[in-house]
Amino acid sequence: MKVTCTGHAGLYIETEAGSILCDPWRGPSYFASWFVFPDNSEVDFGAFEPEFLYVSHLHRDHFDPKVLGRCVPKTATVLLPDFPTDDLRNELTELGFRSFVQTTNGEPLELDGLRIMISAMTSPADGPLGDSALAVDDGSTRFLNQNDARPRELEPITAFGPYDGHSLQFSGAIWWPVVYDLAPATKSALGVRKRENGMARALRFVESVGARYVFPNSGPPAFLDDDLFAYNDVANSADNPFPDQTVFLDYLANHGHANGRLLIPGSIAELTPVGECTVTHALGDDEVLRIFSDKQPYLEAYATRQRPLIASERASWPRYDGDLTEALAKWWDPLLALADRIGPGVGVPVLLEIGDEKVVIDFGAREVRPFRGEECRYRFAMAHELVEALVANHEIDWVNSLFLSLRFRAARRGQYNEFIYTFFKCLAPERLSYAEGWYAEQEEPDDLVRIGNYLVQRRCPHLKADLARFGVVDDDGVLQCGMHGWRFDLATGRCLTSEAHHIVAIPVDEAATATNP
Ligand code: FES
């Protein structure tokens with residue numbers, strides 16, 4: 001098995017039984033804040049001829065529409081993770097891909113001699129409502145491409161092994177604590193913890209999977225804009241949450257694992273069935289090491305090369321000349337009305353300082369309105385032009401655009417609140433409804449509601465819309481979910497719109513007999 005590093009989470013896996021291109025990314029992404037580290041400009045994505053394409057999830061350092069659209073042959077068959085929404089399939093269809101293999105979470109699949117398995121994570125906290133890991137077996141060698149996924153169920157993954165190679169994230173892809181207004185000593189202490197936790201978590205995965213060789217990947221990004229350059233870990237600082245590959249390799253070695261191997265863009269790892277691994281780099285070994293030992297000049301030169309690109313990206317951000325408060329209220333008020341768990345989960349006003357404009361998302365009152373000078377426990381400040389671009393593009397996932405860009409400041413009193421970020425990644429009714437349903441199922445998995453003459457499971461089997469709100473039954477006993485129009489025959493529970501989606505429906509009189517025998 002030959003594994004070529006294309007940068008960040010990008011891998012080109014070649015086997016006797018077929019080849020898979022994974023997460024090809026050139027960037028820049030997130031408002032031109034993230035670049036591949038080290039530079040992957042020399043990687044020629046057009047030279048690969050993959051039979052299969054795997055995009056682990058829709059975060060923009062994994063899903064790069066420009067590379068996918070221009071460089072990847074549309075004859076490649078897409079290996080689709082088992083995600084709750086069709087967003088990934090739709091985006092790839094839009095780019096011209098026509099052949100898809102829909103996988104089932106944690107179930108191995110045979111593809112003409114190549115055995116694969118995709119583990120899909122689907123909680124609101126997993127990526128943009130979905131993240132995944134790919135296991136590959138060519139009959140003699142096995143590889144786990146975990147990238148930045150954090151599988152909670154490791155049993156199917158370990159059962160697929162044992163693995164010869166394992167690639168995974170170890171470095172931060174987060175804005176905490178670096179964008180927060182905190183006392184320097186506090187921020188430094190939190191940074192230490194964040195850096196430690198990221199590497200300790202990766203170590204736990206490394207030890208649980210037990211692969212022969214480990215390849216740190218999926219980060220850190222390079223921050224090349226002058227506004228962000230200070231976030232790079234140029235001095236191997238204990239409080240910087242963005243350690244590089246060599247730091248993690250040392251960390252692994254210090255914990256008794258000498259099997260880590262460095263891959264940078266263009267490096268090739270050859271894994272053999274007898275347990276050998278040979279790594280060759282596109283650059284000389286000294287040059288490779290200098291990238292990490294002389295990182296400051298390396299990044300400064302990289303930034304100089306990319307300055308025109310950053311300027312042209314900035315110039316391309318669309319403007320919006322309407323009233324932003326009104327635009328956000330018109331967009332988000334209907335979402336807040338659906339936010340039965342997220343609303344109370346936040347429960348307090350959240351302040352957005354957009355340039356000089358101050359807007360409040362009042363999660364208690366479920367409305368967006370101008371700031372009235374009240375105390376706000378959570379505060380975000382960002383440039384007007386960024387929010388204009390988000391509004392003009394109707395960007396439904398601000399985590400996958402604004403927050404990961406690190407182009408904002410934040411402050412909070414009290415704990416991290418997951419519901420706030422879930423809201424920002426679900427700025428469309430379908431997504432919000434899914435997240436609401438997911439939270440609801442954690443609380444009330446067996447919740448039934450009366451609809452017509454039936455007690456029906458509360459959450460739509462499609463994307464978990466609340467059927468007490470969206471379900472309507474016609475005279476033939478067919479329930480239609482108003483979210484996307486899926487239909488269910490209540491007498492049999494059969495879904496009339498799609499296969500393999502059954503609904504729990506009990507006639508009210510039967511339910512009464514069961515409870516009053
Ligand atoms: S959530 Fe899509 S049809 Fe019900």
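Q: In this predicted model, what is a pocket, and what volume does the largest pocket have?
A: A pocket is an open set of grid points with protein on both sides within 12 Å along at least five of seven lines. Its volume is the space filled by probe spheres set on the points. For the largest pocket that gives about 1,100 Å³.

Q: Which residues lie closest to the centre of the largest pocket?
A: The lining of the largest pocket holds 43 residues. By class, 20 are nonpolar, ten polar and 13 charged. The closest to the centre are Ala125, Arg150, Ala173, Ile174 and Lys194.

Q: Which element gives the largest share of the lining of the largest pocket?
A: The elements giving two or more residues to this lining are α4 and α11 (418-425). The largest share is eight residues. They come from α4.

Q: Which residues lie nearest the centre of the second largest pocket?
A: The second largest pocket has a volume of about 900 Å³. Its lining counts 33 residues. They divide into 15 nonpolar, eight polar and ten charged. Nearest the centre are Arg60, Pro65, Asn393, Glu395 and Asn400.

Q: Which helix supplies the largest share of the lining of the second largest pocket?
A: The elements that give two or more residues here are α1 (65-71), α2, α7 (295-316) and α10 (384-392). The largest share is four residues. Its source is α2.

Q: How much space lies in the largest cavity?
A: Unlike an open pocket, a cavity is a place where a 1.4 Å probe fits but cannot get out. The whole structure has six cavities of 30 Å³ or more. The space in the largest cavity is about 90 Å³.

Q: Which element gives the most to the lining of the largest cavity?
A: This lining has 13 residues, with Arg150, Gln169, Phe170, Arg201 and Phe205 nearest the centre. By class, five are nonpolar, five polar and three charged. At least two residues each come from β10 (142-147) and α4 (184-209). The most, four residues, come from α4.

Q: Which strands stand at the edges of the eight-stranded sheet?
A: The sheet is open, with mixed pairing and the order β6-β5-β4-β3-β2-β1-β13-β14. An edge strand has a single partner strand, so one of its sides is left without a neighbour in the sheet. The strands placed this way are β6 (100-102) and β14 (277-280).

Q: By what average angle are neighbouring strands of the sheet turned against each other?
A: The sheet in question is the open one of eight strands. The average ignores strand direction. The turn is 20°.

Q: Which residue of β2 is the bridge partner of Lys2?
A: Strands β1 (residues 2-7) and β2 (residues 10-15) run antiparallel. Five bridges join them. One residue with a bridge partner in β2 is Lys2, and that partner is Glu14.

Q: At what angle to β6 does helix α2 run?
A: Helix α2 (residues 87-94) lies across three strands, namely β4 (52-54), β5 (77-80) and β6. Its angle to β6 is about 175°.

Q: Which residue in the hairpin of β13 and β14 takes a positive phi?
A: Strand β13 (residues 268-271) runs antiparallel to β14, and four bridges join the two. Across this pair, Leu271 stands opposite Cys277. Five residues lie between the strands. The phi near 90° belongs to Gly275.

Q: Is Thr77 buried or exposed?
A: Thr77 sits in strand β5. Beyond its neighbours within four places in sequence, Thr77 contacts Glu51, Phe52, Leu53, Ser99, Phe100 and Val101. Its relative accessible area is 15%. Buried means under 20%, so Thr77 is buried.

Q: What distance separates the C-alpha atoms of Thr77 and Ser99?
A: Thr77 is in contact with Ser99. Along the chain the two are 22 residues apart. Their C-alpha atoms are separated by 4.8 Å.

Q: What is the relative accessible area of Thr280?
A: Thr280 belongs to strand β14. Not counting residues up to four places away in sequence, Thr280 touches Gly266, Ser267 and Ile268. Thr280 is partly exposed, with a relative accessible area of 45%.

Q: What distance separates the C-alpha atoms of Thr280 and Met1?
A: Along the chain, Thr280 and Met1 are 279 residues apart. In space, their C-alpha atoms are separated by 14 Å.

Note on methods. Residues are numbered from 1 along each chain as its sequence is written. This is a predicted model: local features need pLDDT of at least 70, side-chain atom pairs count only at pLDDT 80 or more; totals for chains, interfaces and linings use all residues. Side-chain values use heavy atoms; hydrogens and water are left out. Two strands pair if DSSP finds at least two bridges between them. Axes are lines fitted to C-alpha atoms, for helices over the stretch in contact, and angles run from 0 to 180 degrees between N-to-C directions. Contact means heavy atoms within 4.5 Å. On a 1 Å grid over the protein atoms alone, a cavity is a set of points where a 1.4 Å probe fits but cannot get out, and a pocket is an open set with protein on both sides within 12 Å along at least five of seven lines; lining residues have an atom within 4 Å of a point. Ala, Val, Leu, Ile, Met, Phe, Trp, Tyr, Cys and Pro count as nonpolar, Asp, Glu, Lys and Arg as charged, and the others, Gly among them, as polar. Buried means under 20% relative accessible area, exposed over 50%, partly exposed in between (1.4 Å probe, protein chains only).
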